[in-house]
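User: Please take me through the labels attached to this structure, setting each value against its definition before you conclude.

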Amino acid sequence: MNPSDPVNRYNELLAGRALGDLSLEEERELALLGKQLGISPDAELELLAGALALEPVLQRPEPMPAGLAARLHQQADMIGLPGGSPIIYPQVPAWKNILLHPMTGWAAAAAVVILSLVLTQTEAPLPPEQAAALLRSVDKDLIERRFVGLGEFKQASGQVLWSDAQQRGFMILTGIPANDPRKAQYQLWIVDPTRDSDAPVDGGVFDIPRNGSPVVVPIAAKLALSNPQAFVITREHPGGVVKSKQEHVVALAKN
Amino acid sequence: MSTPAHVTSKTVLTRVAAGETGAMNVCINLYGPIVWTLVRRYVNNTSSEDLVQEIFAEIWKKAATYDPAIASESTFIGMIARRRAIDFIRRQLRSPGLEPLEVESSFPNPALEASSIPYDAEALKSSLETLPEETRKLFHLFFYEGFTHPEIADKTGLPLGTVKTRLRRGLLALRDRLRRAGITNTKTVL
């Protein structure tokens with residue numbers, strides 16, 4: 001093998017990648033060579049290294065810890081279940097960015113991937129109880145508050161779950177009257193004491209399409225939140241408002 | 001080309017990809033111990049369990065890309081687990097605690113891009129036997145015993161760079177032997 005030949009060098013770097021021994025410089029070199037040669041890496045060497053590494057493992061597999069197995073099965077149970085309640089999406093385009101916010105650790109990784117899909121796929125909504133269980137499984141310090149209906153909305157109730165670590169959360173709401181979006185929309189406000197309490201964070205505008213079963217509303221906070229103390233739902237003009245006059249406060253969830 | 005022995009009518013990964021209820025649970029039962037054992041060879045600390053959870057999330061996501069004509073399920077899953085573990089270690093070494101999690105791991109899509117070489121134990125074993133003894137010894141230390149490159153250098157007295165180069169070239173040589181081992185429809189990428 002002539003190591004100065006670019007194709008040979010590319011192959012050698014691919015092998016190093018499969019073996020997990022590439023330095024940063026070599027990673028850059030691999031990318032550059034691939035570009036220059038007009039080729040993209042295949043998974044052949046990865047599969048080969050994987051097969052070699054697997055051989056001793058297959059001979060002596062160890063059982064997983066019971067707690068880990070239980071968590072994995074719990075997450076698996078969340079997949080593909082028929083939806084019992086609709087997910088109502090806030091009308092804030094930026095809310096998807098919240099779901100894609102860089103994660104802060106490994107602990108929640110697997111469930112977060114699933115949760116993201118749960119909250120982004122309308123065709124496979126998750127029943128509220130399971131959505132709540134899933135978020136609880138990824139953040140032990142989850143903030144959970146109960147909504148209490150106010151004034152003409154006394155029938156409203158529900159729950160809000162928020163993860164500071166994941167910067168995501170959702171509400172499970174019942175008893176809020178369906179709205180005609182041409183006339184009015186609901187808007188979530190989040191009181192974060194680390195910010196100006198007179199200007200709560202806009203959590204997104206949403207509709208309740210029909211009276212009846214609970215709905216899940218992902219929170220579409222436009223700003224990063226830190227230990228929010230209260231969540232307030234108001235009814236506003238279509239499209240929502242920048243600052244609520246709080247003429248129609250629907251529900252409040254606070255400490 | 002004959003159908004590989006591991007190709008069955010419906011593998012658990014195809015059931016997972018099809019969204020079959022309970023298929024992911026079966027997958028966890030079948031491959032959980034393998035993934036766990038493999039991960040512990042690379043990451044033997046409190047992060048091991050988190051990494052296994054992440055790997056199964058990735059298995060779920062990538063199940064649809066699995067092609068039973070290319071590799072067995074265990075090889076496919078082993079590849080995902082091993083790559084995740086390697087990526088984890090590398091990120092830990094480079095900037096501990098600071099790097100955001102990459103949802104997509106850094107290996108290519110095997111279903112689309114892998115060449116069709118046999119990865120079954122028998123083919124591997126016979127091809128391995130054709131490699132020079134020194135290469136086989138290095139492979140044994142690295143893959144079977146799980147030693148790192150510096151540990152292998154210590155054990156063999158070889159310079160670290162030599163260990164690295166010989167392992168790389170050994171892997172390429174093994175691939176070439178497997179390619180010649182009777183596969184007629186090898187997709188040559190390079």
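Analyst: A starting point is N227(A), which is found in the loop between β6 and β7 of chain A, where helices (DSSP runs of H or I, at least four residues) and strands (runs of E, at least two) are numbered from the N terminus. This is a predicted model, in which local features need pLDDT of at least 70 and side-chain atom pairs count only at pLDDT 80 or more, whereas totals for chains, interfaces and linings use all residues. Residues are numbered from 1 along each chain as its sequence is written, while chains are lettered from A and ligands numbered from 1 in the order in which they are written.

User: Why does N227(A) count as exposed?

Analyst: A residue is exposed if 12 or fewer other C-beta atoms, placed from the backbone, lie within 10 Å of its own, buried if there are 20 or more, and partly exposed in between. N227(A) has 11 C-beta neighbours inside 10 Å and therefore counts as exposed. Its phi is near 50°, a positive value in a residue other than glycine.

User: What makes Q246(A) count as exposed?

Analyst: Q246(A) has 10 C-beta neighbours inside 10 Å, so it counts as exposed. Q246(A) belongs to the loop between β7 and β8 of chain A, and its phi, near 55°, is again positive in a residue other than glycine.

User: Why is R41(B) called partly exposed?

Analyst: R41(B) has 17 other C-beta atoms within 10 Å, a count in between the two cut-offs, and so it is partly exposed. R41(B) is part of helix α2 (residues 23–42) of chain B. The C-alpha atoms of R41(B) and R82(B) are separated by 9.4 Å, although the two residues are 41 apart along the chain.

User: How do you know that β4(A) is mostly covered?

Analyst: Of the 7 residues in β4(A), 6 are buried. For chain A as a whole, buried residues make up 43% of the 255 residues.

User: Which strands does β4(A) pair with, and in what sense?

Analyst: Two strands pair if DSSP finds at least two bridges between them. Strand β4 (residues 185–191) of chain A is joined to β5(A) by 5 bridges and to β7(A) by 7 bridges, and both pairings are antiparallel. Y186(A) has the bridge partner F206(A) in β5(A) and the bridge partner R235(A) in β7(A), while L188(A) stands opposite G204(A) in β5(A).

User: How do you know that β1 and β8 of chain A pair?

Analyst: Strand β1 (residues 143–149) and strand β8 (residues 249–254) of chain A share 2 antiparallel bridges, which meets the requirement of at least two. Within this pairing, G149(A) stands opposite A251(A) in β8(A). Strand β7 (residues 230–236) of chain A also pairs with β8(A), over 5 antiparallel bridges, and T234(A) stands opposite V249(A) there.

User: What makes β5 and β6 of chain A the edge strands?

Analyst: The open sheet of 8 strands runs in the order β5-β4-β7-β8-β1-β2-β3-β6 (chain A), with antiparallel pairing. β5 (201–206) and β6 (215–218) each pair on one side only, and they are the edge strands.

User: Why is α1(A) called oblique to α2(A)?

Analyst: The axes of helix α1 (residues 6–19) and helix α2 (residues 24–37) of chain A come within 10 Å and cross at roughly 135°, where axes are lines fitted to C-alpha atoms over the stretch in contact and angles run from 0 to 180 degrees between N-to-C directions. Angles under 35 degrees count as roughly parallel, over 145 as roughly antiparallel, 65 to 115 as roughly perpendicular and the rest as oblique; the crossing angle therefore makes α1(A) oblique to α2(A).

User: What makes α8(B) and α9(B) roughly perpendicular?

Analyst: Helix α8 (residues 149–156) and helix α9 (residues 160–179) of chain B pack at about 110°, with their axes 9 Å apart. They are therefore roughly perpendicular to each other. On the α8(B) side H149(B), P150(B), I152(B) and A153(B) meet L160(B), V163(B) and K164(B) in α9(B), contact being C-beta atoms, placed from the backbone, within 7 Å.

Terms used: Two residues are in contact if their C-beta atoms, placed from the backbone, lie within 7 Å.
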